[in-house]
Amino acid sequence: MGFAQKAIRTVYPDLAVRMIRVYSDMETKFGHPMKASSGLRSFREQEEIYAKGRTLPGPIVTAAKPGDSLHNYGCAIDSIFIGTDPFPKDDILWNNFGRLAMAHGLNWGGQWRTLHDKPHTQITYGLDLSQI
């Protein structure tokens, strides 16, 4: 099983189905194939990602500590573009992705007021983190 297939199989089935539809739409409508790069994360994995830019080298990539990320509960997926540049700087590509994700009922990290996370999508069913 490929890495992308493994990542998408770790999240809630409804989220996986919606993301497969988003990826299909991205390729069909815009000619840009995508795949999942991260789904369910352990608290330890989240701790390592949270440490980036704080106690580990690199830029800060998340504001979520372990237990504060929907990745820890199988309700979030990070995505990348397939090809030479998995994280293109082109806002049009990411905005197309975000519009499609939202059309499929997902929350998109590109709309967050702080720390825009364009590869990130999540589903909450109207619940807050304490209810999930």
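Is Leu 115 buried, partly exposed or exposed?

1. Leu 115 is partly exposed in this predicted model, since its relative accessible area is 36% and the partly exposed class runs between the 20% limit for buried and the 50% limit for exposed. The residue sits in the loop that connects strand 3 with strand 4. Its backbone deserves a remark as well: phi of Leu 115 is near 45°, a positive value in a residue other than glycine.

2. A second non-glycine residue with positive phi is Tyr 125, at about 55°. Tyr 125 belongs to the segment that comes after strand 4. Most residues other than glycine have a negative phi. A reviewer may wish to inspect the backbone at both positions, Leu 115 and Tyr 125.

3. Glycines with positive phi follow three of the helices. Gly 31 comes just after helix 2, with phi of about 75°. Gly 53 comes just after helix 3, with phi of about 80°. Helix 4 is followed by Gly 105, where phi is near 85°.

4. Helix 2, residues 13–30, has 18 residues, so a span of 26 Å is expected at 1.5 Å a residue; the end C-alpha atoms are 25 Å apart, in agreement with that value. Its buried residues are Leu 15, Ala 16, Met 19, Val 22, Tyr 23, Asp 25 and Met 26. The list thus includes a charged residue, Asp 25.

5. Tyr 23, in helix 2, counts as buried because its relative accessibility is 9%, under the 20% limit. Outside its neighbours within four places in sequence, Tyr 23 contacts Ile 8, Met 34, Lys 35, Ala 36, Ile 77, Asp 78, Ser 79 and Phe 97. With Ser 79 there is a side-chain to side-chain polar contact of 2.6 Å. Lys 35 stands 12 residues from Tyr 23 along the chain, and their C-alpha atoms are separated by 6.7 Å.

6. Helix 4 covers residues 91–103; for its 13 residues a span of 18 Å is expected at 1.5 Å a residue, and the end C-alpha atoms are indeed 18 Å apart. At the start of this helix, a side-chain oxygen of Asp 90 comes within 2.9 Å of the backbone nitrogen of Ile 92. Leu 93, Trp 94, Asn 96, Phe 97, Gly 98, Leu 100 and Ala 101 are the buried residues of helix 4. Among the elements that cover them are helix 2, strand 1, strand 2, strand 3 and strand 4.

7. Thr 121, a residue of strand 4, is buried because its relative accessible area is 0%, under the 20% limit. Beyond residues up to four places away in sequence, Thr 121 touches Met 19, Cys 75, Ala 76, Ile 77, Phe 97, Ala 101, Leu 106, Asn 107 and Trp 108. Among these partners, Phe 97 and Ala 101 are buried residues of helix 4, and Met 19 is a buried residue of helix 2.

8. In helix 3, the buried residues are Gln 46, Ile 49, Tyr 50 and Ala 51. Gln 46 has a relative accessible area of 0% and is therefore buried. Its side chain forms a polar contact of 2.9 Å with the side chain of Arg 41. Leaving aside neighbours within four places in sequence, Gln 46 also contacts Thr 62, Ala 64, Lys 65, Pro 66, Ser 69, His 71 and Asn 72.

9. Thr 55 lies in the loop between helix 3 and strand 2. With a relative accessible area of 69%, Thr 55 is exposed, the cut-off for that class being over 50%. Its C-alpha atom is separated by 22 Å from that of Leu 70, which is 15 residues away along the chain.

10. The largest pocket has a volume of about 740 Å³. Its lining consists of 32 residues, and those closest to the centre are Val 61, Thr 62, Asp 78, Asp 117 and His 120. By class, the lining divides into 13 nonpolar, 12 polar and seven charged residues. Strand 1 (34–38), helix 3 (43–51), strand 2 (76–81) and strand 4 (120–122) each contribute at least two lining residues. Two of the residues closest to the centre also appear in the contacts described above: Thr 62 touches Gln 46, and Asp 78 touches Tyr 23.

How values were computed. Residues numbered from 1 in each chain as written. Predicted model: local features only at pLDDT ≥ 70, side-chain atom pairs only at ≥ 80, totals over all residues. Heavy atoms only, no water. 1 Å grid on protein atoms, 1.4 Å probe; cavity = no way out; pocket = protein on both sides within 12 Å on 5 of 7 lines; lining within 4 Å. Points joined across faces, edges and corners; volume = space filled by probe spheres on them. Helix = DSSP H or I, 4+ residues; strand = E, 2+ residues; numbered from the N terminus. Buried < 20%, exposed > 50% of the residue type's maximum accessible area, 1.4 Å probe, protein only. Contact = heavy atoms within 4.5 Å. Expected span 1.5 Å × (residues − 1). Polar contact = N/O pair within 3.5 Å; in protein donor to acceptor, adjacent residues only side chain to side chain.
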